[in-house]
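Reader: I keep meeting words such as "buried" and "cis" when people talk about proteins. Could you take me through one example and show me how such words are earned?

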Amino acid sequence: MTVTVRVPAKVNVQLGVGGLRADGFHDLANVFFAVALGDEVTAGPGTAGVTLSCEGPDAGQVPLDDSNLAARAARLLAAHHGLAEPAVHLHIRKAIPVAGGMAGGSADAAAALLACDALWGLDTPAATLHDLAAELGSDVPFALLGGVALGRGRGELLEPLPVTGSYHWVFAVADGGLSTPAVFRECDRLREEAGLGATDTDIPTPDASPALLAALTTGDPKALAETLTNDLQPAALSLRPALAATLAAGTAAGAVGALVSGSGPTCAFLTDSAEAAAALAAALEASGTCRTAHPTYGPVPGAAVLPG
Ligand code: C5P
């Protein structure tokens with residue numbers, strides 16, 4: 001028997017970053033938005049321990065050892081239930097860009113939690129799965145929840161948000177990833193350089209933008225586009241200056257909104273229809289400012305077991 005879970009990627013339509021906390025994290029006002037571009041994780045019987053395989057265009061960049069967050073998720077779930085060393089194989093069908101700022105590794109971890117829970121017949125309560133997810137990483141709980149949600153704290157304290165309609169996005173994938181901790185460190189450095197200080201006593205805790213929350217209920221991509229913000233964008237652009245050309249190419253080709261996705265380097269573009277998204281993806285690929293560009297839409301639900 002095997003269990004397959006489909007899990008979405010995310011884009012942050014607001015990423016408000018507070019100062020550096022004593023524990024090394026930053027307080028966030030993080031509005032997560034789940035998109036249909038997603039991975040699939042299949043859990044099946046293994047020989048010994050947790051083994052991994054991966055397929056997809058970026059498969060070569062995915063670690064297949066114990067450092068993979070999906071493997072850690074399987075072990076954490078087993079340990080929580082007092083199961084002896086689990087024997088499970090996880091196969092990842094990877095469509096989410098690796099180290100791209102779309103929470104692909106976190107998505108696979110959320111999918112592994114759900115797939116192993118079903119495979120082992122554990123019936124773990126949703127609240128417990130959320131806590132285990134938060135232990136694995138700041139973005140993992142949202143991959144379970146999906147839709148649109150405000151993430152407070154380091155991103156793990158989630159509140160679902162009302163949203164109207166479906167929005168059409170294009171994601172432009174760069175060559176090579178960016179390290180999330182490196183981008184947060186660069187954000188701190190830029191704030192120090194600007195004389196703002198970088199700690200949580202210098203920088204106020206961010207709040208969700210009322211204009212963004214209102215725009216999400218209009219179903220109007222232009223209204224949402226006007227309220228998109230990402231406090232990590234200057235840091236991502238500082239570490240990868242070529243992203244400015246990607247953002248400019250998307251805007252010139254008719255995107256109604258453009259921003260770096262999370263810690264980057266993937267760039268996200270909002271369009272006003274599925275047709276416009278397909279045309280924009282083709283224009284971005286032709287521009288030579290990205291490796292590939294994927295049209296998609298959202299919001300979509302969180303991680304879910306596929307029938308069959
Ligand atoms: O929680 P996660 O393991 O995904 O975080 C990766 C890194 O990103 C952290 O070690 C930290 O450097 C940075 N981070 C942060 N503030 C957050 C979330 C992540 O500084 N709220």
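Author: Happily; below we go through a predicted model, with a value and a conclusion for each term.

Reader: Let's begin with a helix. How do you know that the length of helix H10 agrees with what a helix should span?

Author: H10 runs over residues 274–287, which makes 14 residues. At 1.5 Å a residue they should span 20 Å, and the end C-alpha atoms are 20 Å apart, so the two values agree.

Reader: Which residues of H10 are buried?

Author: Ala277, Leu280, Ala281 and Leu284 are the buried ones in H10. Seen down the axis of H10, the buried residues fall within an arc of 105°, so they line one face of the helix. On the face turned away from that buried side, H10 carries Glu275 and Ala286, which are exposed.

Reader: What covers the buried residues of H10?

Author: The cover includes strands S7 (167–173), S10 (267–271) and S11 (292–298), along with helix H9 (243–252). Just after H10 comes Gly288, with a positive phi of about 75°.

Reader: How does helix H5 compare with its expected span?

Author: H5 covers residues 180–193, again a stretch described as 14 residues. From its first C-alpha to its last, H5 reaches 20 Å, close to the 20 Å expected at 1.5 Å a residue. Its buried residues are Val183, Phe184, Glu186, Cys187, Asp188 and Arg191. Among the elements that cover them are strand S1 (3–20), strand S2 (26–45) and helix H8 (233–239). Just after H5, Gly195 takes a positive phi of about 80°.

Reader: Why is Thr180 called partly exposed?

Author: Thr180 lies in H5. Its relative accessibility is 39%. Buried would need a value under 20% and exposed one over 50%, so Thr180 falls in between and counts as partly exposed.

Reader: What makes Ser261 a buried residue?

Author: Ser261 is found in the loop between strand S9 (257–260) and S10. Its relative accessibility is 0%, which is under the 20% cut-off, so Ser261 counts as buried. Not counting residues up to four places away in sequence, Ser261 touches Lys10, Val11, Gly100, Gly101, Met102, Phe171, Asn230, Thr266, Cys267 and Ala268. With one of these, Gly101, there is a polar pair: a polar side-chain atom of Ser261 lies 3.0 Å from the backbone oxygen of Gly101.

Reader: Where are the cis peptide bonds you promised?

Author: One goes from Gly264 to Pro265, with omega near 5°. Pro265 lies in the loop between S9 and S10. Another cis bond joins Gly298 and Pro299, where omega is about 5°. Pro299 has its place in the loop between S11 and strand S12 (304–305). As background, most peptide bonds are trans.

Reader: What makes the phi values of Ala99 and Ala103 worth pointing out?

Author: Most residues other than glycine have a negative phi. Ala99 has a positive phi of about 50° although it is not a glycine, and for Ala103, also not a glycine, the positive phi is about 60°. Ala99 is found in the loop between strand S4 (88–93) and helix H2 (104–119), and the loop between S4 and H2 is the place of Ala103 too.

Reader: Are those two buried or exposed?

Author: Ala99 has a relative accessible area of 40%, so it is partly exposed. Ala103 stands at 16%, under the 20% limit, so Ala103 counts as buried.

Reader: Finally, which residues surround the ligand?

Author: They are Gly24, Phe25, His26, Leu28, Gly137, Ser138, Arg154, Thr180, Pro181 and Phe184.

Reader: How do you know that His26 and Ser138 make polar contacts with the ligand?

Author: The cut-off is a pair of N or O atoms within 3.5 Å. A polar side-chain atom of His26 lies 2.6 Å from an oxygen atom of the ligand, and an N or O atom in the side chain of Ser138 is 2.6 Å from a ligand oxygen. Both pairs therefore meet the cut-off. On its own the ligand has 450 Å² of accessible area, and the protein covers 74% of it.

Key: Residues are numbered from 1 along each chain as its sequence is written. This is a predicted model: local features need pLDDT of at least 70, side-chain atom pairs count only at pLDDT 80 or more; totals for chains, interfaces and linings use all residues. Side-chain values use heavy atoms; hydrogens and water are left out. Helices (H or I, at least four residues) and strands (E, at least two) are DSSP runs, numbered from the N terminus. The expected span of a helix is 1.5 Å times one less than its number of residues. Buried means under 20% relative accessible area, exposed over 50%, partly exposed in between (1.4 Å probe, protein chains only). The arc is that of the directions from the helix axis to the C-beta atoms. Contact means heavy atoms within 4.5 Å. A residue is near a molecule or strand if one of its heavy atoms lies within 4 Å of it. A polar contact is a pair of N or O atoms within 3.5 Å; within protein, one must be able to donate a hydrogen and the other to accept it, and residues adjacent in sequence count only if both atoms are side-chain atoms. Accessible areas come from the Shrake-Rupley method with a 1.4 Å probe; for residues, only the protein chains shown count as cover.
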